[in-house]
Structures are given as structure tokens and as C-alpha cells.
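Visitor: Hey, can you walk me through this one? I'm new to this, so plain words please.

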Protein chains: 2
Amino acid sequence: MEGVAERAGVAKTTIYRRYRSKTDLALAVLLDMLEDVSTQPYLGGTVAELTKLVDKTVSLMTTTVMGMVMKGLVPEIAADPHLASVYREKVVSRRVAEVSVLVARGIARGELRADLDPEVVTDLLLGPIYYRLFLSGAPMSSTFGTQLVATLLPVFAATQGNPPFSAGVDPDFTERRHQGASRAAVPG
Amino acid sequence: MEGVAERAGVAKTTIYRRYRSKTDLALAVLLDMLEDVSTQPYLGGTVAELTKLVDKTVSLMTTTVMGMVMKGLVPEIAADPHLASVYREKVVSRRVAEVSVLVARGIARGELRADLDPEVVTDLLLGPIYYRLFLSGAPMSSTFGTQLVATLLPVFAATQGNPPFSAGVDPDFTERRHQGASRAAVPG
DNA sequence: CCTATACGCTACGCAACGTAGCGTTTTAAT
DNA sequence: ATTAAAACGCTACGTTGCGTAGCGTATAGG
């Protein structure tokens, strides 16, 4: 905080007049930066759109302070239930909503299987990104998004006869976070 | 640390005689607990083996202190290059090695595509777990592993003709971390 | 019995978050 | 231009938590 104040040419107390805590500031930064990624352009093809989503996320995480902010937020979210709630509401569900838009388009185009769960897609697309960012340290080149989407395509695509995936989300939880259209029926 | 000392019925200074820092202790706990997950039993089927791996990981993260420890390590790894190096060496590469065993078995059985990269499999299997653990907060039921593996199967299985995936890992990095058998050729 | 090693304890140093209080500057409205 | 209100800067402080110093005490092991 002292460092932030100094780099901003501002007194530390001034920061604390706008943001109640360090976590609060971090969350504000995060939400502000998320604006750029949240719009989902219509590219005419689902592969291109999903790739764009991944690439924008990777770029944001690796070329801005977002990566650092996210890393710092992990233990905070774990320790502060209120922050966790806000984060899920403002960030996680938002990402799922964005993916939902793309999934809906893809289904409408007949490119994606009709019972595809956007939350599952989110897990599969963002999970590897954060795993590399937080733990593995493996770099993500400019072709990462393209290759990840290409790899996962057989899971998403409409042609094959794959079993749907719910990842064992209990109905309560899903309902609590998602008041949208009812998801494709999921066994288990 | 005070709390750990108290719960252990030991003076704080005694802990610091064995572990140089809080991070050092956390890493020791992590490595110790990792022993349980590191053995890969022969179950006769790749799906069962991969599912077991995922389930053990999920169980460890959600029913022990491991989850908390991992969350606390994320910013530490980001801030301490030496810790990051040790973590990648002792944990990340170890997980890849375990997955490699299963992938090799699967390829030998003809269940998995021959050009499957264990690192990619690791990303896809562990990424969603940590994403849920660290950020999304979505619960992982007892059927999570089964469903995740079932979902990803079309990516792994030998039958379909999917494009391989390297996720844009630059050769240097892969070589640096993995002195094992050369990976299946991957287009840029 | 005696010595080396390990342990407990108090006290401290230090960094970082967050706050109190007060004076000063800027804004904005009359 | 005056004046009230809001915002800012600054110093100082309280608090927590990590990590260390120093010293006395216990506990092996020969």
C-alpha cells in the first residue's frame, strides 16, 4: 500500500478513503480490467470465438498486473467468505455468462452439442490457464488458445456422441449462483 | 506459526529450528502429503486409473489441510523464484511423471492416442480442480473425477482423429523440466 | 556423572496493514 | 470574491504476524 501510494503520488490515507482495504482495491482493479475481456465479439465461428476468449484471458494475465492480483487474491478469497461471495458473483458467474453466450451461439449454429454445460466449458478452458499461471509456471505462447480449443473441440463438438459432464455440481449450488435458463439435464 | 506451535504443544522457536520459514514448513507438509497420491496403482483400465488420480487429488485438497496450504502457497510461489523452482521440480514435474505412467500404460493398451502429451493431460485433469478450489468455489462431489475423465475421454482416446495439442510450450522450457522420452512431435 | 544436543521462554526487531487526528488545499455554490 | 464542504497530506500510532537473540533448563548417551 505504501508502494501504491508512492507510485500514485498520493498519501496512503487517501487510498484508504476510497478503498476500505487492500483486498478491496485489488478487487476494484480486477473488476475494472475485466471489462476488456467481458465483451464477446461475433466472429462467425465458435472455434474462433472460444479461442479469442482464451487468448484475451491469457494476455490479460501475463501482460498486465492482473496475474499478480489474482495470485494475491487466492488466499484472501479462502480466508474471507464475504470476498469469496462477491468474487463468485462478480467474476466467476460473469465468466460463465460470457461462455454461455458463445455456447448458445455455437449450439444455434449446430457446431456444439446441444447439452453442453457452459460451466463445464469454463472449467475446461480457464482451468488450464490458471493452473499454469498459479502453479505449473509453464509459459503460454501466442498459440496457446488456438491449441487448447482445438484439443477440447471433440468434447464440445456436436458430431460425436460423448456423455455429458456435470462434474457433480449439487443442484443447490448451481441454483444459488445461476438463475438463468435451466441447464441440460445431467445424470448424477 | 504461533497457532501451529500451540497446537503442536511446542515452542515457536522449536519450529524455526527445523524449518527456516513458514513457507518451508508449508512445502514440507505438502511434500509429505503428496506421497499418498504419488503411487499409481494398476487398475487394468486407463479410465479407472485416471479417475483414481483425479479423485485422490480432489479428496486431498478438500478433506485435509492441503487445500489451504496450496492456496497460501500461490502468492509465495509468485514472489519467491527459488520456491517456484523447487515447487516445479518437486511437485509439478512429479505430477506430470505420474500422469506419464498412466498415459504410457494407456498407450500400450491401445486405449489412448499414441501422440498424447502427459503435460497436456495434466493441464486438463488438474486445471479444473484447482480452478474450482482457488477461484470458482464450485464443489466437487464424489463423482467429479468420473465425470471429468469421461468428458475428456474423446480428447485422450485412440479412436478419434483429433489434432494433438502442445499448448505452445517452447522447447527450451519443456526440455528444462523434462529430461524424459521425447514428446510426440507437435506443430508450433 | 557429565557433556552435547535439543527445547522452552521472554523479549525484541521489523514489515505491512489500517486508523486517528489535524491542518491545508481544492472545489463549488452563493 | 467569500465561504462552506469536501477532499487531501501528513505524522503518529496501534496491531498483527514473521522471524531472531539470548539464556536457562531438560534430556539423552557415553
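Visitor: Which classes of residue make up the surface near DNA strand C?
Guide: By class, that surface has four nonpolar, five polar and six charged residues. Ala, Val, Leu, Ile, Met, Phe, Trp, Tyr, Cys and Pro count as nonpolar, Asp, Glu, Lys and Arg as charged, and the others, Gly among them, as polar. A residue is near a strand if one of its heavy atoms lies within 4 Å of it.

Visitor: Before we go on, what am I looking at?
Guide: This is a predicted model, where local features need pLDDT of at least 70, side-chain atom pairs count only at pLDDT 80 or more, and totals for chains, interfaces and linings use all residues. Residues are numbered from 1 along each chain as its sequence is written, chains are lettered from A and ligands numbered from 1 in the order in which they are written, and side-chain values use heavy atoms, with hydrogens and water left out.

Visitor: OK, back to strand C. Which residues are the closest?
Guide: Lys12(A), Lys22(A), Thr14(B), Arg17(B) and Arg18(B), out of 15 that surround DNA strand C. Sugar and phosphate make up 52% of the strand's atoms that come within 4 Å of the protein.

Visitor: Any polar contacts there? What is Lys22(A) up to?
Guide: An N or O atom in the side chain of Lys22(A) is 2.7 Å from a phosphate oxygen of DNA strand C. A polar contact here is a pair of N or O atoms within 3.5 Å; within protein, one must be able to donate a hydrogen and the other to accept it, and residues adjacent in sequence count only if both atoms are side-chain atoms. For a base, look at Thr13(B): one of its polar side-chain atoms lies 3.0 Å from a base nitrogen of DNA strand C.

Visitor: And which element gives the largest share of that surface?
Guide: H2(B), with four residues. Helices (H or I, at least four residues) and strands (E, at least two) are DSSP runs, numbered from the N terminus.

Visitor: Now strand D. Which residues come nearest?
Guide: Thr13(A), Thr14(A), Arg17(A), Arg18(A) and Lys22(B), of the 14 residues around DNA strand D. A polar side-chain atom of Thr14(A) is 2.5 Å from a phosphate oxygen of the strand. Lys12(B) has a side-chain N or O atom 2.9 Å from a base oxygen of DNA strand D. For this strand, the largest share of the surface is four residues from H2(A).

Visitor: Changing topic: how many residues does H8 of chain A have?
Guide: 13, running from 144–156. From first C-alpha to last, H8(A) reaches 18 Å, close to the 18 Å expected at 1.5 Å a residue; the expected span is 1.5 Å times one less than the number of residues.

Visitor: Where is the kink in H8(A)?
Guide: At Ala150(A), about 30°, shortly before Pro154(A). The bend is the angle between axes fitted to the seven residues ending there and the seven starting there.

Visitor: Is H8(A) mostly covered or bare?
Guide: Mostly covered, with ten of its 13 residues buried. Buried means under 20% relative accessible area, exposed over 50%, partly exposed in between (1.4 Å probe, protein chains only). The cover includes H4 and H7 of chain A, together with H7 and H8 of chain B.

Visitor: Last one: where does Gln40(B) sit?
Guide: In the loop between H3 and H4 of chain B. Gln40(B) is buried, with a relative accessible area of 13%. Not counting residues up to four places away in sequence, Gln40(B) touches Leu53(B), Glu98(B), Leu102(B) and Arg105(B), where contact means heavy atoms within 4.5 Å. A polar atom of the Gln40(B) side chain is also 3.0 Å from the backbone oxygen of Val37(B).
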